[in-house]
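Some words used for protein structures rest on cut-offs. The questions below ask what stands behind such words.

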Amino acid sequence: MRPFDPWFIVNVIPDLLAYLPVTLFMIVGSMFFGSMLGFILARAKIKGCRIPKLLADLYIATLRCTPPIVLLFIVFYGLPELLKVTMGVNINAIYKGVFVLVTFTLLFAASVAEVMRSAYESIDKGQREAAISIGLSEFQAFYRIILPQAVVVGLPNFCNALINLMKDGSLAFTIGLIDMMGEGALIVSRNYGSYALETYIALAVIYWSMIIVIEKSFNLLEKHLSKGKARVMA
Amino acid sequence: MELDVNYMIDTFFLALGGISVTLQITIVALLVATPVAFFMAISKIYKVSIIKQIVSGYVSLIRGTPMILQILIIYSLVPSLINMIVKGLGWDFNVFDVNPIIYAYIVFSINTSAGLSEVFRSALLTVNVGQLEAAHAIGMSTVQAYRRIVIPQALVVALPNICNLTINLIKGTSLVFMMTVKDITAIAKIQAAFGYNYIESYIDIFLIYIIICSITQLLFALVEKHFGSYKSLKNA
């Protein structure tokens, strides 16, 4: 048997990093669209009438129980059919990243909606009432008073949701998207499976460093944003 | 879109057969991980110098890498390791005879122990130090105090997080088809390959997971109610 080759790990990392932009694009895109959808869901849960609230609850409960890979394949096989039947559009030749974006937007929205709701509800109601009483509009009260406080509360959970998104996002290669994992799988098959362990370890190292960077930057951000809080307490 | 309803119903019941594999992996992972995670949590709380650093590194590594990579790494590492050991000992044993579910047990035990240790740590920290001191004061040993006083209280706090972790574990097991284990996903996928009924198969898997996860959540809610009953007594 061929001995373990640590140098292969070092050599393969640059090849894998060439596809980092694809991976990052998918993560940032899903985070962006997912946060928007999550905001709508959270709003429906907080302020909505009965039916939107029920729908949001149902959506979040369902997505919480769905393995990412299953949703990915439902979207991958289902979306083209659905569009063909409802709008007559043929998207069979489309870039596979679209399916990945749709899937992880749906998943991220469910987890981030809960983060946003709990952060919003942690802010005392008196804050909004006080803001209204000094003449701010409802929007101003939300934007200037509640939001800055809620962001600080929600930040650690948002960071967790983002890390989960990154980890789940590594499944994108299963539908044939060539991101970092996809390139890793290609490298493995190009070497007839012989450098599999080294390639996977290289990928693990990259993912681990990415996640540590995200954790550290969120910690810094949290420290920066909670400056105001310390002053109020003092 | 025309869904083949008959196919869906047939596959649904076929794939239900995979639930036992999913639950087996979940339960083995939880059973193996619980004691390991508990000692990791304790060593972090008591700040045992070197062990604490090792545990922190381990937890960070496991939580910082995707499940799929852990599966791929273990699946390409462990069989060759076993092969080497077996050959070194000169046994007559073929590594390909090993049921791949063993590798699934390994991956998910490793993965769960990391998550569970953080759950235990935060839960143990919520119990007031005074509880432990009071237990010592009435003559209990530390082990007794933990077993009778601290752990029951910490467990109530930890239950929602353990529920979350179990749900994630169950969802994670959908990836074991990568290790050729025949779970729900694998069975439904094999069925789909005959007639390209992938949408129907994946909808079936989706439904089964919703059912399993809902039942799990319900069970945890019941357990939580049972263990949390002392709280309502205190308030009364």
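The turns that follow concern a predicted model and the terms applied to it.

Q: What makes up chain A, helices or strands?
A: Chain A holds ten helices and zero strands. Read along the sequence, its pattern is α-α-α-α-α-α-α-α-α-α. The C-alpha trace of chain A spans about 75 × 55 × 25 Å along its principal axes.

Q: Why is α2(A) called oblique to α7(A)?
A: The axes of helix α2 (residues 20–47) and helix α7 (residues 138–169) of chain A cross at roughly 135 degrees and come within 10 Å. Angles over 145 count as roughly antiparallel, and 65 to 115 as roughly perpendicular. An angle of roughly 135 degrees fits neither range, and therefore α2(A) is oblique to α7(A). As for hand, the crossing of α2(A) past α7(A) is right-handed.

Q: Which residues of α2(A) and α7(A) meet?
A: From α2(A) come A:T23, A:M26, A:I27, A:S30 and A:M31, and they meet A:L162, A:L165, A:M166 and A:G169 of α7(A). By class, this contact has six nonpolar, three polar and no charged residues. Gly counts as polar, so A:G169 belongs with the polar residues.

Q: How do you know that the span of helix α9 of chain A is close to the expected one?
A: Helix α9 (residues 196–225) of chain A has 30 residues and reaches 43 Å from its first C-alpha to its last. The expected span is 1.5 Å times one less than the number of residues, which for this helix is 44 Å. The two values are close.

Q: What makes a residue of α9(A) count as buried, and which residues do?
A: A residue is buried if 20 or more other C-beta atoms lie within 10 Å of its own. In α9(A), the buried residues include A:E198, A:Y200, A:L203, A:I206, A:Y207 and A:I211. What covers the buried residues of α9(A) includes α1 (6–17), α7 and α8 (180–190) of chain A, together with α4 of chain B. Across the 234 residues of chain A, 36% count as buried.

Q: How many residues does each chain give to the contact between chain A and chain B?
A: Chain B gives 28 residues and chain A gives 28 residues. On the side of chain B, the elements that give two or more residues are α4 (67–89), α7 (142–172) and α9 (198–227). The largest share, ten residues, comes from α9(B). The residues on this side of chain B divide into 20 nonpolar, seven polar and one charged.

How values were computed: Residues numbered from 1 in each chain as written. Chains lettered and ligands numbered in written order. Predicted model: local features only at pLDDT ≥ 70, side-chain atom pairs only at ≥ 80, totals over all residues. Contact = placed C-beta atoms within 7 Å. Helix = DSSP H or I, 4+ residues; strand = E, 2+ residues; numbered from the N terminus. Axes fitted to C-alpha atoms, helices over the stretch in contact; angles between N-to-C directions. Parallel < 35°, antiparallel > 145°, perpendicular 65-115°, else oblique. Left-handed = near helix turned anticlockwise from the far one by under 90°. Buried ≥ 20, exposed ≤ 12 C-beta atoms within 10 Å, placed from the backbone.
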